[in-house]
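I opened my notebook to look up two things in this structure: its cysteines and its charged side-chain pairs. I write down each result as I go.

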Amino acid sequence: MPMTVSCKKLDPRAKLPVYATPGAAAADLCALLDEPLTIAPMQRVLVPTGLAIELPSAECVALVYARSGLSIKHGLCMANGVGVIDSDYRGELRVPMINLSDEAYTVQPGERVAQLCIAPVWQAAFVPAQTLSETDRGTGGFGSTGTV
C-alpha cells in the first residue's frame, strides 16, 4: 500500500509528481516556468516546481535526485548532489541544477527536471567514544578497497 504524501500546488500550473513506470523508485518533478530557462555551461540555477509537500512523519525524508537522461545527455546535474527535504519543511520544492557540459541547455516549462524519492529515516544517538572496533579496512578510504 502506497504511503500518503500531501502535495500542495502553490501555482495551478504545477504538476504533481508522477512515477513513470510501475517499478519506478522515484517520481518525476517538473519545472514550473513562465518561459524557457537557458542554463549556460557551469551556471547554477534554482528551478521552481510550484509544489510543497507534507511527509507523514519524521520517520521519512524526500530525496531529490538528478534525472539520469538529463545528466548523461546534457550534463545537467543537481548542484548539491542530492536534495534533502526534511519532514518539517513546508516550502516550495526547488531543484538546484548545474550545467556541467560545454553547451547551454534550455529547460522548457513543464519539463521533467528531477526525481523525488521518499525514503525511511533513522535518527541516531551519537555518543562520544575513545576507541572504535577494528576492521580489515581500518582507516583506509578513497580507493583503498581496490581499483575502479
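**Notes on charged pairs and cysteines**

I began with Arg-13, which counts as partly exposed at 44% relative accessibility; on this scale buried means under 20% relative accessible area, exposed means over 50%, and partly exposed lies in between, using a 1.4 Å probe and protein chains only. Before going further I noted that this is a predicted model, in which local features need pLDDT of at least 70 and side-chain atom pairs count only at pLDDT 80 or more, while totals for chains, interfaces and linings use all residues. I also noted that residues are numbered from 1 along each chain as its sequence is written, and that side-chain values use heavy atoms, with hydrogens and water left out.

Next I looked up the salt bridges, each being a side-chain nitrogen of Lys or Arg within 4 Å of a carboxyl oxygen of Asp or Glu, and I found that the structure holds five. Side chains of opposite charge can pair when their charged atoms come close.

Which partners does Arg-13 have? Its side chain meets that of Asp-11 at 3.0 Å, N to O, and also that of Asp-34 at 2.9 Å, N to O. I wrote down that Arg-13 and Asp-34 link distant parts of the chain, 21 residues apart, with Arg-13 in the loop between strand E1 (6-9) and strand E2 (27-30), and Asp-34 in the loop between E2 and strand E3 (37-39); strands (E, at least two residues) are DSSP runs, numbered from the N terminus. Asp-11 is buried at 18% relative accessibility, whereas Asp-34 is exposed at 67%.

I then turned to Arg-112 and Asp-28, whose side chains meet in a salt bridge of 3.0 Å, N to O. This pair also links distant parts of the chain, with Arg-112 in strand E11 (residues 112-120) and Asp-28 in strand E2, 84 residues apart. Arg-112 is partly exposed at 38%, and Asp-28 is buried at 9%. I added that salt bridges sharing partners join Asp-11, Arg-13 and Asp-34 into one network.

Last, I checked for disulfides, meaning pairs of cysteine sulfur atoms within 2.5 Å, and the structure holds zero. Cys-30 is in none, as the nearest cysteine sulfur, that of Cys-7, is 11 Å away, and Cys-30 is buried, with a relative accessible area of 10%.

Why is Cys-60 without a bond to Cys-117? The sulfur in Cys-117 is the closest cysteine sulfur to that of Cys-60, but at 11 Å it is too far for a bond. Cys-60 is buried too, with a relative accessible area of 4%.

Methods. Helix = DSSP H or I, 4+ residues; strand = E, 2+ residues; numbered from the N terminus.
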